[in-house]
Amino acid sequence: MKNLFKIFLSALFLINFAHAQNDESIVSDDFISYMKSVMNPFDFGLNKETQIYMPYSSRYGRCIGFEKGVEDIAYYSKGMTVSDAEKRLIKKLKATIAPLSDYLKKNYKLESFDNLTVTQREILLDRAYESGINNMPKNFVEAVLKQDWQNFVAKVLYNRAPEGWPDAYKNKAFGYRWVNNKKGNNLLGK
């Protein structure tokens, strides 16, 4: 009985370890840098001398660091360090993966989020974190899942335009990473 329990615990550990490793491959340093450029491209609210983010106003309401919204009113008086802002971004991105995976399984019959390419996972995670899982346009998700990059780019499905008003900075960050990138991860292979 003890051996069976040890086997069970070992299997549970391996499953959790594999899942954590996969989270790390999605939430890479490169992806974190990209997401920082999406969420706060000009370091709004950052005091350069103290390296403390303070809440600032945006078209999305009050924000701080790399987040939409200010979850704790204490941030209005003490702010958030750059290090804390980065840690919170990573934690929130990782926390978005499981609900995103569940959403894709339920609504798009996706067998496993892990079976998607890194490009697909990053693009979906980017939009799910930034816009909200339930706010991802259907044609956007379908194009990513099919890897229909020609239509994705030609129809500008990656465009973020809440309330019909394009978000130039978020769209530009996406374009630099995936459409006009000369480093080899260009969606159109150019």
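**Figure 1. The largest pocket of the predicted model.** A pocket here is an open set of grid points where a 1.4 Å probe fits, with protein on both sides within 12 Å along at least five of seven lines. The structure is a predicted model, and its largest pocket has a volume of about 280 Å³. Which residues sit closest to the centre of this pocket? Of the 19 residues that line the pocket, they are Phe44, Ser58, Tyr60, Asp167 and Tyr169. Helix H2, strand S3 (56-58), strand S5 (67-68) and helix H8 are the elements that give two or more residues to the lining. Sorted by class, the lining of the largest pocket holds 11 nonpolar, three polar and five charged residues.

**Figure 2. Helix H2 against helix H8.** Here we look at H2 (residues 29-39) beside H8 (residues 168-179), whose axes come within 8 Å and cross at roughly 155°. Angles over 145 degrees count as roughly antiparallel, and H2 and H8 are therefore roughly antiparallel to each other. On the H2 side, the contact is made by Asp30, Phe31, Tyr34, Ser37, Val38 and Met39. Lys170, Ala173, Phe174, Arg177 and Trp178 are the residues that H8 brings to this contact. By class, the residues where H2 meets H8 divide into seven nonpolar, one polar and three charged.

**Figure 3. Helix H2 against helix H4.** Now follow H2 to another partner, helix H4 (residues 82-108): the two axes come within 11 Å and cross at roughly 105°. That makes H2 roughly perpendicular to H4. From H2, the residues making the contact are Phe31, Ile32, Met35 and Lys36. They meet Glu86, Leu89, Ile90 and Leu93 of H4. How many polar residues does the contact of H2 with H4 have? There are no polar residues in this contact, which has six nonpolar and two charged ones. Phe31 is a handy landmark for both views, being named in the contact with H8 and in the contact with H4.

**Figure 4. The open sheet S3-S4-S5.** This view shows three strands in the order S3-S4-S5, paired in the antiparallel sense as an open sheet. S3 and S5 are the edge strands, and each pairs on one side only. Three bridges join S3 to S4, and Ser57 has Arg62 of S4 as its bridge partner. Strand S4 (residues 61-64) pairs with S5 over two bridges, again antiparallel. For Cys63, the bridge partner in S5 is Lys68. Turning to the connections, a hairpin of two residues joins S3 to S4. The hairpin of S4 and S5 also has two residues between the strands, and in this hairpin Gly65 takes a positive phi near 60°. If you are tracing the pocket of the opening view, S3 and S5 are among the elements that give two or more residues to its lining.

**Figure 5. The open sheet S1-S2-S6.** Our closing view has an open sheet of three strands in the order S1-S2-S6, with antiparallel pairing. Which strands stand at the edges? They are strand S1 (46-47) and strand S6 (80-81); each has a single partner strand, so one side of each is left without a neighbour in the sheet. Strand S2 (residues 52-53) pairs with S6 over two bridges, in the antiparallel sense. To find a bridge by eye, look for Tyr53, whose partner in S6 is Met80.

Technical notes: Residues are numbered from 1 along each chain as its sequence is written. This is a predicted model: local features need pLDDT of at least 70, side-chain atom pairs count only at pLDDT 80 or more; totals for chains, interfaces and linings use all residues. Side-chain values use heavy atoms; hydrogens and water are left out. Axes are lines fitted to C-alpha atoms, for helices over the stretch in contact, and angles run from 0 to 180 degrees between N-to-C directions. Helices (H or I, at least four residues) and strands (E, at least two) are DSSP runs, numbered from the N terminus. Angles under 35 degrees count as roughly parallel, over 145 as roughly antiparallel, 65 to 115 as roughly perpendicular and the rest as oblique. Contact means heavy atoms within 4.5 Å. Ala, Val, Leu, Ile, Met, Phe, Trp, Tyr, Cys and Pro count as nonpolar, Asp, Glu, Lys and Arg as charged, and the others, Gly among them, as polar. Two strands pair if DSSP finds at least two bridges between them. On a 1 Å grid over the protein atoms alone, a cavity is a set of points where a 1.4 Å probe fits but cannot get out, and a pocket is an open set with protein on both sides within 12 Å along at least five of seven lines; lining residues have an atom within 4 Å of a point. Grid points are joined across faces, edges and corners, and a volume is the space filled by probe spheres set on the points.
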